[in-house]
Amino acid sequence: MILVDTNVIIDFWDKPTEASKKVFEENEIATCGVIKAELLRGSYSEKQFSQMKEALDGFTYISFSENDWIELSKQFIVLKQNGLAVLICTHNSGHIL
């Protein structure tokens, strides 16, 4: 399963490459609430909103709890202690990439 960010879906919808098609076809793609909201707010009409929502409904939806973020932080600590640095970047929307 791959949790894809908003810009990845936008790029795939706008200009799908052979590589991105392969990723979307061969993997279970997931979204979460922030990603869905960002994508849907970009719609220009009711029709486009419905089409986008239908496309997004084809992906797995992941709901994150506060505890999920705490556990993720603990995993990052373990990785760091073992010499593996994990970079967390935030998109200008403020969510984690």
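This section describes the confidence, fold elements, nonpolar core and selected residue environments of a predicted protein model.

The mean pLDDT of the protein is 86, and 88% of the residues reach a score of at least 70. Among the elements of the protein, helix H4 (residues 46–57) has the highest confidence, with a mean of 96, whereas helix H5 (residues 66–81) has the lowest, with a mean of 86. The pLDDT falls below 50 over residues 90–97, a stretch for which the model shows 16 contacts beyond near neighbours in sequence. Where pLDDT is low, the predicted coordinates should not be read in detail.

Five helices and three strands make up the elements of the protein, and their order from the N terminus is β-α-α-β-α-α-β-α. Of the contacts with a separation of 6 or more, 66% join residues 24 or more positions apart. The protein has 97 residues, of which 22% count as buried. The exposed area is about 7200 Å², and carbon and sulfur atoms contribute 55% of it.

The largest nonpolar core comprises twelve residues, namely Val 4, Ile 9, Phe 12, Phe 24, Ile 29, Cys 32, Ile 35, Leu 39, Leu 40, Met 52, Leu 56 and Phe 59. At least two residues of this core come from each of helix H1 (6–14), helix H3 (33–40) and H4. The greatest contribution is that of H3, with three residues. Within the core list, Leu 39 has contacts outside its neighbours within four places in sequence to Thr 6, Ile 9, Ile 10, Trp 13, Met 52 and Leu 56. Phe 12, Phe 24 and Phe 59, also listed in the core, are linked into a cluster by ring pairs.

Three aromatic pairs are found in a search of the whole structure. One of them joins Phe 64 and Trp 69 in a tilted arrangement, with 5.2 Å between the ring centres and 40° between the planes. Both partners are partly exposed: the relative accessible area is 34% for Phe 64 and 37% for Trp 69.

Trp 13 belongs to helix H1 and counts as partly exposed, because its relative accessibility of 31% falls between the 20% and 50% cut-offs. Residues up to four places away in sequence being excluded, Trp 13 touches Leu 39, Met 52, Ala 55 and Leu 56. Of these partners, Ala 55 is separated from Trp 13 by 42 residues in sequence and by 10.0 Å in space, C-alpha to C-alpha.

Thr 31 is located in strand S2 (residues 29–31). The relative accessible area of Thr 31 is 0%, and the residue is therefore classed as buried. Its contacts, residues up to four places away in sequence not being counted, are with Leu 3, Ile 9, Lys 36, Leu 56, Phe 59, Thr 60, Tyr 61 and Ile 62. Among these partners, Ile 9, Leu 56 and Phe 59 are also part of the largest nonpolar core.

Helix H5 contains 16 residues and spans 23 Å from its first C-alpha to its last, close to the 22 Å expected at 1.5 Å a residue. Just after H5, Gly 83 adopts a positive phi of about 85°.

Definitions and conventions
Residues numbered from 1 in each chain as written. Predicted model: local features only at pLDDT ≥ 70, side-chain atom pairs only at ≥ 80, totals over all residues. Heavy atoms only, no water. pLDDT = per-residue confidence, 0-100. Helix = DSSP H or I, 4+ residues; strand = E, 2+ residues; numbered from the N terminus. Contact = heavy atoms within 4.5 Å. Buried < 20%, exposed > 50% of the residue type's maximum accessible area, 1.4 Å probe, protein only. Areas by Shrake-Rupley, 256 points an atom, 1.4 Å probe, with all protein chains shown as cover. Core = buried A, V, L, I, M, F, W, Y, C linked by side-chain atoms within 4.5 Å. Phe/Tyr/Trp six-rings, centres within 6.5 Å; stacked < 30°, edge-to-face > 60°. Expected span 1.5 Å × (residues − 1).
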